[in-house]
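Reader: I'd like to learn how to read a model like this one, feature by feature. Can you walk me through it?

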Amino acid sequence: MERENLRKWTLRAVSLVVVMALWQVIGSNINPIFLSTPVAIAKAFVALLASGELLKALGISVLVVLIGFAAATIVGIPVGLLMGRFRTFEYLVDPYVNALYVVPRIALIPLIIIWFGLGGPAQVVVVFGTSVFPVLLSTYAGVRSVPADLNETAHSFGASERQLFFTIIIPASVPFIMSGLRLGIGQAIIGMVVAQMFLGLSGIGFMLTKYGNMFETAYVFVVVLALAALGIVMTEAVKRLEKRYSSWR
């Protein structure tokens with residue numbers, strides 16, 4: 001196992017070195033407006049770190065994602081549970097959920113600007129709108145996947161609706177809820193970028209627009225790589241949470 005891990009990481013390191021070297025050679029012979037080089041990107045990264053702009057933007061962006069995703073979780077899980085369990089509630093809410101789900105969130109940005117203006121609240125609304133549906137629909141699917149014979153057996157033994165909910169339905173839905181959270185965090189990051197590109201005066205999305213308009217390709221690459229790192233960290237955090245409850249499967 002150790003030899004296999006060593007081989008895996010050695011191959012990855014060699015691959016990375018080869019790609020970086022080719023990128024540097026090719027990029028050096030192309031107009032830097034179209035393609036930067038790893039050396040130029042590293043210099044831009046150091047400059048953004050030294051100025052504090054990158055860390056400040058990351059802090060703002062992470063806060064927007066966390067608030068919007070937390071709101072999506074608080075709303076999405078209960079609504080999904082109720083829709084999956086009670087047909088009357090599903091009939092009442094389902095048309096609105098389907099309508100809002102198929103409408104591109106970017107189409108709602110003009111209304112969001114009118115209602116919330118520019119800045120943090122508007123960005124949080126966009127993040128909420130992009131991440132709530134994966135959580136809600138996964139939770140709904142989890143409830144609907146509970147075998148009917150489990151519910152019937154619980155009822156035959158005199159279980160109340162509350163006992164049924166907390167001892168059968170929610171535990172059986174946990175794997176689906178965790179999958180929804182993992183999908184939702186990715187959508188939350190996408191929503192944050194879109195929101196800050198259109199509605200922000202700061203943050204990672206705003207930096208993308210700013211340096212893109214200035215044709216500073218190296219700085220754009222730094223922001224894109226920072227976004228990738230942010231996505232990996234947040235997704236990995238949710239994956240760890242999912243693994244913690246994997247035994248519930």
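Author: Sure. Let's start with one ring: at 7% relative accessibility, Tyr-211 counts as buried, because the cut-off for buried is under 20%. Keep in mind that this is a predicted model.

Reader: Okay, and what about Tyr-219: buried, partly exposed or exposed?

Author: Tyr-219 has a relative accessibility of 21%, so this residue counts as partly exposed.

Reader: How are the rings of Tyr-211 and Tyr-219 arranged?

Author: The structure holds 2 aromatic pairs. In the pair made by Tyr-211 and Tyr-219, the ring centres are 4.9 Å apart and the planes are at 15°, so the pair is stacked.

Reader: Now the interior. Which residues have the most contacts inside the largest nonpolar core?

Author: General idea to begin with: in soluble globular proteins, nonpolar side chains tend to be buried together. Here the largest nonpolar core has 40 residues, and those with the most contacts inside it are Leu-54, Leu-181, Met-192, Met-207 and Leu-227. The elements giving two or more residues to this core are helix 2, helix 3 (53-85), helix 6 (120-144), helix 8 (161-199), helix 9 (204-213) and helix 10 (217-244). Helix 8 gives the most to this core, with 13 residues. Apart from this core lies another, of 8 residues, among them Val-93, Val-97, Val-132 and Phe-133.

Reader: Which residues is Leu-227 in contact with, leaving aside neighbours within four places in sequence?

Author: Leu-227 is in contact with Ile-189, Met-192, Val-193, Ile-204 and Leu-208, once those neighbours are set aside.

Reader: What about a polar residue, say Ser-173: buried or exposed?

Author: Ser-173 has a relative accessible area of 0%, so this residue is buried. Ser-173 sits in helix 8. Not counting residues up to four places away in sequence, Ser-173 touches Gly-142, Val-143 and Val-146.

Reader: On to charges. How many salt bridges are there?

Author: As a rule, side chains of opposite charge can pair when their charged atoms come close. The count here comes to 2 salt bridges. One joins the side chains of Glu-53 and Lys-210, at 3.0 Å from N to O. That pair links distant parts of the chain, with Glu-53 in helix 3 and Lys-210 in helix 9, 157 residues apart. Glu-53 is partly exposed at 22% relative accessibility, and Lys-210 is partly exposed with a relative accessible area of 31%.

Reader: And where do Arg-87 and Glu-90 lie?

Author: Both are in helix 4 (residues 87-102), 3 residues apart, about one turn of the helix. The side chains of Arg-87 and Glu-90 meet in a salt bridge at 3.7 Å, N to O. Arg-87 is partly exposed at 42%, whereas Glu-90 is buried at 11%.

Reader: Last stop, the surface. Which residues make the nonpolar surface patch of about 880 Å²?

Author: The patch is made by Val-14, Val-18, Leu-22, Val-25, Ile-26, Ile-30, Ile-33, Phe-34 and Phe-215. Phe-34 lies in the loop between helix 1 (2-28) and helix 2 (38-51), and counts as exposed at 64% relative accessibility. Phe-215 is in the loop between helix 9 and helix 10, and is exposed with a relative accessible area of 57%.

Reader: What is phi of Phe-215 near?

Author: Most residues other than glycine have a negative phi. Phi of Phe-215 is near 60°, a positive value in a residue other than glycine.

Methods: Residues numbered from 1 in each chain as written. Predicted model: local features only at pLDDT ≥ 70, side-chain atom pairs only at ≥ 80, totals over all residues. Heavy atoms only, no water. Patch = residues over 30% accessible without salt bridge, like charges linked within 9 Å, V, L, I, M, F, W, Y side chains within 5 Å. Areas by Shrake-Rupley, 256 points an atom, 1.4 Å probe, with all protein chains shown as cover. Salt bridge = Lys/Arg side-chain N within 4 Å of Asp/Glu carboxyl O. Helix = DSSP H or I, 4+ residues; strand = E, 2+ residues; numbered from the N terminus. Buried < 20%, exposed > 50% of the residue type's maximum accessible area, 1.4 Å probe, protein only. Core = buried A, V, L, I, M, F, W, Y, C linked by side-chain atoms within 4.5 Å. Contact = heavy atoms within 4.5 Å. Phe/Tyr/Trp six-rings, centres within 6.5 Å; stacked < 30°, edge-to-face > 60°.
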